[in-house]
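Here is a short guided look at one model, meant to be read with the structure open beside you. Please take a moment to orient yourself before reading on.

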Amino acid sequence: MNLYTHLARGRRRPAALVAIGGLAVQAACGWGPAAGSSQPAPRPNAPGNAMPGMKMPGGSGAAPRGAPVAANAVSIKSFAFGPASVSVKVGTTVTWTNQDEEPHTVTADGGAFRSPTLGSGKTFRFTFTKPGSYPYSCTIHPFMRGTVVVRP
């Protein structure tokens with residue numbers, strides 16, 4: 001008896017066939033590795049797959065390298081913080097402004113600051129009282145990274 005006849009008669013499918021069928025669907029839809037592939041499937045939340053057609057800054061998810069820019073204003077535009085790295089003196093208030101249509105957050109890796117979700121045109125301000133390096137990201141779009149370097 002073939003599989004079609006077996007299913008047509010209303011009998012339950014063997015678990016092995018269900019599992020194999022599920023893997024075939026995953027591979028065909030791009031949810032899993034293709035048959036015979038040793039490559040893992042792309043993660044659905046990876047930056048390159050996050051939003052088809054959207055260009056990600058830098059591609060790696062890391063903030064661009066280079067000397068921090070002396071500035072106290074950061075724009076959030078095109079799914080990136082600009083400038084990605086700023087340098088300020090202790091006591092300076094840095095202002096982030098969301099210029100995207102999508103919501104974003106500004107959250108320090110070490111927990112020093114955390115904005116609420118910022119809608120389009122909204123701002124977040126934080127005053128830095130201690131020297132150091134403060135890497136941060138958007139918790140909604142973790143590939144968006146930035147750094148504030150605070151000097152004495």
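Strands here are DSSP runs of E with at least two residues, numbered from the N terminus. With that in hand, S78 can be placed in the loop between strand 2 (73-77) and strand 3. Please keep in mind that this is a predicted model.

**The sheet**

Let us begin with the overall arrangement. An open sheet is built from 4 strands in the order 3-2-5-7, and its pairing is mixed. Strand 3 and strand 7 (123-127) are the edge strands; each has a single partner strand, so one side of each has no neighbour in the sheet. On average, and ignoring direction, neighbouring strands of this sheet are turned by 20° against each other.

The table lists the pairings, each with a pair of residues that stand opposite one another.

| Strands | Sense | Bridges | Opposite residues |
|---|---|---|---|
| Strand 2 and strand 3 | antiparallel | 3 bridges | K77 and A80 |
| Strand 2 and strand 5 | parallel | 4 bridges | I76 and N98 |
| Strand 5 (residues 93-98) and strand 7 | antiparallel | 5 bridges | T93 and T127 |

**Strand 2 and V74**

Strand 2 is a good place to look at side chains. In a regular strand the side chains alternate between the two faces of the sheet. In strand 2, V74 and I76 make up the covered face, while A73, S75 and K77 make up the uncovered one.

Is V74, a residue of strand 2, buried or exposed? V74 counts as buried because its relative accessibility is 2%, and the cut-off for buried is under 20%. Apart from neighbours within four places in sequence, the contacts of V74 include F81, G82, P83 and V86. V94, T95, W96 and T97 are also among the contacts of V74, as is Y136. A longer link in sequence can be traced too: V74 and G146 are 72 residues apart along the chain, yet their C-alpha atoms are 9.4 Å apart in space.

**The hairpin and the cis bond**

Now follow the chain out of strand 2. Strand 2 and strand 3 form a hairpin with 2 residues between them. Which backbone feature does S78 show in the turn? S78 has a positive phi of about 55°, although S78 is not a glycine. F79, in the loop between strand 2 and strand 3, likewise has a positive phi of about 55° without being a glycine. These backbone values deserve a second look because most residues other than glycine have a negative phi. F79 is also buried, since its relative accessible area is 9% and the cut-off is under 20%.

Past strand 3 there is another backbone feature to find. The peptide bond from G82 to P83 is cis, with omega near -5°. P83 sits in the loop between strand 3 (80-82) and strand 4 (85-89). Both G82 and P83 are in the contact list of V74, which brings us back to strand 2.

**T107 in strand 6**

A last stop is T107, which belongs to strand 6 (residues 107-108). T107 is buried because its relative accessible area is 10%, and buried means under 20%. Leaving aside neighbours within four places in sequence, T107 is in contact with F113 and R114, and also with P135, Y136, S137 and T139. Y136 is therefore worth selecting in your viewer: Y136 is in contact with T107 and with V74.

Notes. Residues numbered from 1 in each chain as written. Predicted model: local features only at pLDDT ≥ 70, side-chain atom pairs only at ≥ 80, totals over all residues. Heavy atoms only, no water. Buried < 20%, exposed > 50% of the residue type's maximum accessible area, 1.4 Å probe, protein only. Contact = heavy atoms within 4.5 Å. Pairing = 2+ DSSP bridges. Axes fitted to C-alpha atoms, helices over the stretch in contact; angles between N-to-C directions.
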